[in-house]
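Student: Hi! Could you walk me through this model before I set anything up?
Tutor: Happy to, let's look at it together.

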Amino acid sequence: MKIRFEHLTKIFPNMNKKLPDVVAVNDFDFEIPDGKLIGLLGPSGCGKSTALNIICGLERPTKGRIYFDDDDVTDLPPENRGVGMVFQNYALYPHLTVKENIMFPLRNIKRSERPSEEEMEERVLEAARLVQIEQLMERKPSQMSGGQQQRVAIARALVKGPPVLLLDEPLSNLDARLRLQTREELKRIQTETGITTVFVTHDQEEAMSISDLIVVMKEGAVHQIGHPQDVYDDPRDLFVAKFLGTPPINVFTGEIRNGGLMIGDEEVLRVSGDVRDQKVYIGIRPEGFELSDTGAFTVDMIRVEVMGRDTSVVSRHDAMTGVSIRSIIPSDSGIDRNAKKVRFDLKPHKVDLFDIETEERITCGLMRREG
Amino acid sequence: MISGNKAKGWLYLLPALLFLGAFMVYPLIDVLIYSFEEGYNSASQTFFGVGTYNYSYVLRDPYFLAALKNTIILVIITVPLSTGFALLISLALNSVRKLKNLFQTVYFLPYVTNTLAVGLVFMILFKKTAYTEGMVNLLINWFGGSSVDFIDGPYWAKMFVLCFYTIWIVLPFKILILTSALASVNEDLYKAAKIDGASGFTIFRKITLPMISPMIFYLVITGFIGAFKAYSDSVALFGTDLNAAGMNTIVGYIYDMLYGNSGGFPSYASAAALILFVIVLTITCINLMISRKNVHY
Amino acid sequence: MDFEKIEKRARRKKLLKNIFVYTFLAVWALMVLFPFYWMLLTSIKSYSSYNSEYVPKFYAEQPTFDNYKDAFTTVPLARYFSNTIIFTLITTALMLIVAVLAAFAFSRLQFKGRDLVFTGFLALMMIPNELVIITNFQTITNMDLRNTFTGLILPSVTSVFYIYLLKENFEQIPDELYKAAKVDGTSDFMYLIKVMLPISRPTIVTITILKIIECWNSYVWPRLITDDQLYFLVSNGIQEIRENGFGRENIPAMMAAVVVISIPLIILFLIFHKKIMEGVSRGGTKG
């Protein structure tokens, strides 16, 4: 089932009348396609959980409509929407066993529509098998690890066969190793069931790795929607560029002058297309640097960090906006660890320019200098 | 943790040990001894022999049996009613936002008032005298009933007032405990249940009730203990001569045996106190057994 | 589906529910407050007008404060009052000293047998007052302490529950603080006074208030141990007034006395209601 938002807005009036109201969701106007895994991504407090609560019906929007396929569900209470939801702390019923927890949504179906007792048992078992907890059915939530609890929560959300599955920070309560494993697991379950799945996270790596589509949010507003790789490669603005990628993108202040891209006095790339001369932010991905004796971009080296497969060069430059520059180069590049200066060539497709006022991306062509 | 010298620790504990030893531990042993000393005389502090006569005397004393009956009726009526009513009020309180704190504070007021003092007000509200029918009878008359003297009248009327006042007095504590139990239920559970399609009543029955069941059982247990020890409520309503009013309680019987016009029999009082203790202990154990079966988590 | 209709119905349902809930809450609030209103009202009605109202009025036609004068002159209400204040203050102070020292020993001092003694303390929490009061009565009588403050106060001091509450609180204070104080050259006792007490102030205030309420309302022990009016506390005073004072039927004067007796606790409650309710919900029970 696809989900469509039409100018959806949620405003929380501030208790303190002197402070402005909080706009948690600002004019959502897009469509979530059927059968995909969607990551709602943004820093904490950006309104992504509110968006989730509006989809499941726990919150009502201040303005706008929300559609499941072609049905307007804006005013439908959560119990009638039939969505499945996994809460951040799982919200398992502590007094019920795993089996009873998973059975709970089925028991709430109206008697006339409720499946037979055997069929319910079968469906519970099926859901349990999907998340691989069928051997824990008689345990209470308190007797299980965090990862197991989460599987139960997912099974409970899936047992009704919901058209939409929502997950609020599904991995945040798990330790690092389990997080990686569960990530794969989520992807597998989603692919197996084909349910339109929306999950909320503040961890860009998590969102990038498994989503079919990511929605990057900041302060209630959607900044960009797209396939993770596309969003990474072509960020719409500086915020998106900075938010995605580890290590983060390196940002410099620079200038377009006479068709050349200048950082300090060095022309690092050529600019083509219809762009006027102006000051710009230059974002360079860590993997966008190439070690070169004749490189156009010179930085002061601080140290070299060996990471095995790659080598990370930490350096500084007067035009940088962060604390340091991080560039990732292959470990066999043969860098002189004691050099004071390092020279780089830049890969044009790893460099983005942003307007200094609006911080939006400037569309133009970039290429290497000739010679 | 401080690992100072040993004497210091005991020194700090000394006052507490002295007070508890003199006024709790020693009396505890002593009351057992008293209860088996037959024919103890307070004045001469002598006794004839040792045996279970005190117990059999108390158990055959019509005053004790009347007190036992009164207490049991009081317990059976007030414990379920007050717990149920407190739950209703707490649920109502928990479902509103505006004025919640004000209501909560008002409801707690009876807890801090002097039982004797307010009991006197209740007596006046319920009493029928030559000058006036009393407030409550006025209400009954409005609804077309005929007046009853609740204080010096028929037994059921007196029992009604006693139960009513007891409930009024114990409700604040129960409301407070249940309201905070309800407030501490994780909000996400309700949300999850809503999404799982549970109706309001189902949420109450399957989520709220089990989640607060430990507190409900705690209240039932303390309610039983408290109601079995009822005394000052009865004094407040019917005066100190409870035997004459026919409204004595077990604790009242104990004190009457000890002191006052009918007093001077600490042995009987001790036997009665121990009987009460055994009753309360038994009921508490039964309660605990039931709760272990039903409070699952 | 017609969502507007659903929405409207939901809103109407919510309104109805709210009306119902608030009415219910208001009715019970009235039930709680009515006795207080009635005692205030009756206390300002004159004796003659009270007795002439066969159907009691909900207001006073000619409010008078004579009853309050009577309450203080015909019966020794002031005496009951000052007795109760003395009793309450000394008992509470002694309880605090005993409880603080014991809680400190249990929570911060290490000595052999400590845990055993503490278990014993916990067991004592389950002993009903009725069991020990008989012997205490005999003890105090034999020591010729009837009708004395000593006899009233001594058995009322102990409070295992408060020791327990305070110990729990003391244990939450991090050990590092003690080590730091030791390094700074503080003795154990000074550490208790200068560091632990200030940090535990909220709990100490709570148990103080709870004990004050308990003392102010105590009835059974004072009744057993005093028969001389000079040593009556307010609860006994009320009972005495009811049975012998004011010529039995002077109900307005009785109500004036009841008001006077109730006021201190109500004021205390109005100031500290948050602390009191918090303290009680942490496990206190009445009596």
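Student: How many residues do chain B and chain C each put into their contact?
Tutor: This is a predicted model, and in it the contact takes 74 residues from chain B and 75 residues from chain C.

Student: Which helix gives the most on the chain B side?
Tutor: That would be helix α1 of chain B, residues 6–36, with 18 residues on the side that touches chain C.

Student: And how does that side of chain B divide by class?
Tutor: There are 55 nonpolar residues, 15 polar and four charged on the side of chain B touching chain C.

Student: Switching topic: at what angle do α12(B) and α13(B) cross?
Tutor: Helix α12 (residues 250–258) and helix α13 (residues 266–294), both of chain B, cross at roughly 165 degrees, and their axes come within 7 Å. Because of that angle, α12(B) is roughly antiparallel to α13(B).

Student: Is the crossing left-handed or right-handed?
Tutor: Left-handed, as α12(B) passes α13(B).

Student: Which residues meet there?
Tutor: From α12(B), I250(B), Y253(B), I254(B), M257(B) and L258(B) meet P266(B), Y268(B), A269(B), A272(B), A273(B) and L276(B) of α13(B). By class, this contact has eleven nonpolar residues, with no polar and no charged ones.

Student: Now chain C. What domains does the assignment give?
Tutor: Domain 1 covers 2–43 and domain 2 covers 66–283 in the domain assignment of chain C. The C-alpha centres of these domains of chain C lie 38 Å apart.

Student: How many residues does each domain of chain C give to their contact?
Tutor: Four come from domain 1 of chain C and seven from domain 2 of chain C. On the domain 1 side, two are nonpolar, two are polar and none is charged.

How values were computed
Residues are numbered from 1 along each chain as its sequence is written. Chains are lettered from A and ligands numbered from 1 in the order in which they are written. This is a predicted model: local features need pLDDT of at least 70, side-chain atom pairs count only at pLDDT 80 or more; totals for chains, interfaces and linings use all residues. Axes are lines fitted to C-alpha atoms, for helices over the stretch in contact, and angles run from 0 to 180 degrees between N-to-C directions. Helices (H or I, at least four residues) and strands (E, at least two) are DSSP runs, numbered from the N terminus. Angles under 35 degrees count as roughly parallel, over 145 as roughly antiparallel, 65 to 115 as roughly perpendicular and the rest as oblique. A crossing is left-handed if the near helix is turned anticlockwise from the far one by less than a right angle, and right-handed if clockwise. Two residues are in contact if their C-beta atoms, placed from the backbone, lie within 7 Å. Ala, Val, Leu, Ile, Met, Phe, Trp, Tyr, Cys and Pro count as nonpolar, Asp, Glu, Lys and Arg as charged, and the others, Gly among them, as polar. Domain bounds come from an automatic or database domain assignment.
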